Amino acid sequence: MADGVMHGIVETADWFDDFQEEAEALEDVRADEMRTEFDREQEAERQRREADEKKRLAPIVKKLVADPRFVAPKISAAKRVTLAETLFPDVDRTTIKKAVEKAVAEIWLADS
């Protein structure tokens, strides 16, 4: 105590600072590994969902592309959706729209 002010000294060993730096580096590496693993799992899940959707849409797309009314010239997207809904009454509208988009893309690719 000097002039009414308390003075103190904190001393840490050199090894403690080194240990703390190594621990922080290890924590960063582990966080990066976890992020990488999470990203890999997300990508695998996305690819699985895409494959499942492609498999689910394939019979619908095949039937649409084979239908002469679907590939008729000057047919609008709304008419194609209506035709698909008529051909597949049990399928939900979102699936129908995806199937129509995929079928239109396949027709375009075939004509190219």
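**Exercise 1. Is Asp18 buried, partly exposed or exposed, judged by its relative accessibility?**

*Solution.* The structure shown above is a predicted model. Step one is to locate the residue: Asp18 belongs to helix 1, which spans residues 14-66. Step two is to read its relative accessibility, which is 44%. Step three is to compare this value with the cut-offs: buried means under 20%, exposed means over 50%, and partly exposed lies in between. Asp18 is therefore partly exposed, at 44%. As a final step, consider the surroundings of this residue. Asp18 is part of a negative surface patch, whose members also include Glu11, Asp14, Asp17 and Glu21.

**Exercise 2. Classify Phe19 and Val29 by accessibility, and describe the setting of each residue.**

*Solution.* Begin with Phe19, which is found in helix 1. Its relative accessible area is 51%, so Phe19 counts as exposed. Together with Trp15 and Phe16, Phe19 makes a nonpolar surface patch of about 380 Å².

Continue with Val29, which also has its place in helix 1. Val29 has a relative accessibility of 44% and is therefore partly exposed. Its position can also be related to a residue elsewhere in the chain: Val29 and Leu87 are 58 residues apart along the chain, and their C-alpha atoms are separated by 55 Å.

**Exercise 3. Determine the place of Thr95, its degree of burial and its contacts beyond its sequence neighbours.**

*Solution.* First, Thr95 is placed in helix 3, which covers residues 93-111. Second, its relative accessible area is 7%. Since buried means under 20%, Thr95 is buried. Third, set aside the neighbours within four places in sequence; Thr95 is then in contact with Arg56, Leu57 and Ile60.

**Exercise 4. Examine three salt bridges of helix 1, giving the distance and the sequence spacing of each pair.**

*Solution.* A general principle comes first: side chains of opposite charge can pair when their charged atoms come close. The structure holds twelve salt bridges, and three of them are treated here in order.

1. Glu45 and Arg49 form a salt bridge with an N to O distance of 3.6 Å. These two residues are four apart in helix 1, so about one helical turn separates them. Glu45 is partly exposed at 29%, and Arg49 is partly exposed at 47%.

2. Arg48 and Asp52 are joined by a salt bridge with an N to O distance of 2.8 Å. Because Arg48 and Asp52 are four residues apart in helix 1, they too are separated by about one helical turn. Arg48 has a relative accessibility of 43% and counts as partly exposed; Asp52 has 36% and is likewise partly exposed.

3. Glu53 and Arg56 meet in a salt bridge with an N to O distance of 3.8 Å. Here the spacing is three residues in helix 1, which again means about one helical turn. Glu53 is partly exposed at 27%, and Arg56 is partly exposed at 41%.

The last step is to look for shared partners. Salt bridges with partners in common link Glu45, Arg48, Arg49 and Asp52 into one network.

**Exercise 5. Which residue in helix 1 links the results of Exercises 3 and 4?**

*Solution.* Exercise 3 lists Arg56 among the contacts of Thr95. Exercise 4 gives Arg56 as the salt-bridge partner of Glu53. Arg56 is thus the residue sought, with a contact to Thr95 and a salt bridge to Glu53.

Note on methods
Residues are numbered from 1 along each chain as its sequence is written. This is a predicted model: local features need pLDDT of at least 70, side-chain atom pairs count only at pLDDT 80 or more; totals for chains, interfaces and linings use all residues. Side-chain values use heavy atoms; hydrogens and water are left out. Buried means under 20% relative accessible area, exposed over 50%, partly exposed in between (1.4 Å probe, protein chains only). Contact means heavy atoms within 4.5 Å. Patches are made of residues with over 30% relative accessible area and no salt bridge: like charges are joined within 9 Å, nonpolar side chains (Val, Leu, Ile, Met, Phe, Trp, Tyr) within 5 Å. Accessible areas come from the Shrake-Rupley method with a 1.4 Å probe; for residues, only the protein chains shown count as cover. A salt bridge is a side-chain nitrogen of Lys or Arg within 4 Å of a carboxyl oxygen of Asp or Glu. Lys and Arg count as positive and Asp and Glu as negative; His and the chain ends are not counted. The place of a charge is taken as NZ of Lys, CZ of Arg, CG of Asp or CD of Glu.
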